Amino acid sequence: MAQTVLIVDDSRTMRDMVALTLADAGFQVVQAGDGDEAVGKLASGSKPDLVVTDLNMPGMDGISLIREIRKMPTLKFTPILMLTTESSDDKKAEGRAAGATGWIVKPFNPEQFLKVLKKVLPA
Amino acid sequence: MEQKAAAEATLRQQITQLEQSNRSWEAFAAHAIPLMPILTRQIEAVIAQTERAALDLTGKIRSISERARRQAADMSRPAGSGRAVEQVQADAEELAADVSRIIMAMQFQDITKQKLEHVAQPLAQMKTYMESLLANPASPELSKALNLLEEVERSYTMETERAAMAHALHGHAHAGAPAQATSEEEEQSVTLF
């Protein structure tokens, strides 16, 4: 069965680019435009195998979203990748402390992105 | 005598207000003038990036189109007279690499959007500040509230933005930034925790 990835980004073009890359590689994709929408989808039963989230979004940002996800018992160990233009070490440390699994700086290279996914996804 | 004293007091008050007003405008100019080259560099970076993305996309579309023509020609030839299977496979691999490159180039929209937002935000702050200055130029609180450069720096998320700001302010990139921070590709990195 195909693994599911939740993509959270306020940019429609970014969500489309990530979704295109993932769909080509055989993943199922669920999309959310910000942290609040993502939490809503997760609370209503969506259980992705991986979450890819932007950092700076209107409403709930990526770090707050990670904290919310880590509070959910069924998603406590789900890998979460940040995909953001932010590259400062301070922010990366904040993401790590919140529970992020990894940090990818935009623009992402699709081939490299898929390699990272394979590393962090449970077999 | 009392009238003269009252007139002098009014005059002193007006001079104080004018001095305060002058200080507020000077404070505004002191913040706004260094901000201009920063915003200009940010806009120039966006122009360069959109041009680069457009060129990238055009190049890759041309390459895909040429490959599609070659493959169509191969299919129209009798079996065995076309190009070797290895060449067709190599074409398919190059095609996949072209699509990857297109996906990377297409992300310029998100990146340039953020850069332009970081231009629009300080412009909006400057507008608000100028409106306050015009409404009450003698307010001593105004010049204290102005923090444009710090707020611009805080809003930045990309190393290229921070480097461009350092370059505009000091003529050199800040420590840790790429010497020629013009390509977002240079920033691409993956960190696994």
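These exercises, with worked solutions, cover chain B and its contact with chain A.

The model is predicted: local features need pLDDT of at least 70, side-chain atom pairs count only at pLDDT 80 or more, and totals for chains, interfaces and linings use all residues. Residues are numbered from 1 along each chain as its sequence is written, chains are lettered from A in the order in which they are written, and side-chain values use heavy atoms, with hydrogens and water left out.

**Exercise 1. Describe the fold of chain B.**

Step 1. Take the elements, which are DSSP runs numbered from the N terminus: helices (H or I, at least four residues) and strands (E, at least two). Chain B has 6 helices and 1 strand.

Step 2. Put them in order. From the N terminus, chain B reads α-α-α-α-α-α-β.

Step 3. Check burial. Buried means under 20% relative accessible area, exposed over 50%, and partly exposed in between (1.4 Å probe, protein chains only). Of the 193 residues of chain B, 31% are buried.

Step 4. Add the surface. By the Shrake-Rupley method with a 1.4 Å probe, where only the protein chains shown count as cover for residues, chain B has about 11600 Å² of accessible surface. Carbon and sulfur atoms hold 59% of that surface.

Step 5. Look at sequence range. A contact means heavy atoms within 4.5 Å. Among contacts in chain B with a separation of 6 or more, 73% link residues 24 or more positions apart.

**Exercise 2. Place Leu18(B) and Leu134(B), and say why each counts as exposed.**

Step 1. Leu18(B) sits in helix α1 (residues 2–76) of chain B. Its relative accessible area is 61%, so Leu18(B) is exposed.

Step 2. Find a partner far along the chain. Ala138(B) is 120 residues from Leu18(B) in sequence, yet their C-alpha atoms are 6.8 Å apart.

Step 3. Leu134(B) belongs to helix α3 (residues 108–135) of chain B. Leu134(B) is exposed because its relative accessibility is 65%.

Step 4. Join Leu134(B) to its patch. A patch takes residues with over 30% relative accessible area and no salt bridge; like charges are joined within 9 Å, nonpolar side chains (Val, Leu, Ile, Met, Phe, Trp, Tyr) within 5 Å. Leu134(B) forms a nonpolar surface patch with Trp25(B) and Met130(B). Together the three expose about 300 Å².

**Exercise 3. Work out the contact between chain B and chain A.**

Step 1. Count residues. Chain B gives 25 and chain A gives 32.

Step 2. Get the area. Buried area is the accessible area (1.4 Å probe) that two parts lose on being put together, summed over both. Here it is about 2500 Å², with 58% from carbon and sulfur atoms.

Step 3. Name the main contributors in chain B. Ile103(B), Gln107(B) and Phe193(B) lose the most area to chain A, together 27% of what that side buries.

Step 4. Count salt bridges (a side-chain nitrogen of Lys or Arg within 4 Å of a carboxyl oxygen of Asp or Glu). There are 3 between the chains. One salt bridge pairs Asp110(B) with Lys106(A), the closest N and O atoms being 2.8 Å apart.

Step 5. Assign elements. α2 (85–106), α3, α6 (159–170) and β1 (190–192) of chain B each supply at least two residues of the side that touches chain A. The largest share, 6 residues, comes from α2(B).

**Exercise 4. Inspect the peptide bond after Lys106(A).**

Step 1. Recall the background. Most peptide bonds are trans.

Step 2. Read omega. The bond from Lys106(A) to Pro107(A) is cis, with omega about 0°.

Step 3. Locate Pro107(A). Pro107(A) is in the loop between β5 (102–105) and α5 (110–120) of chain A.
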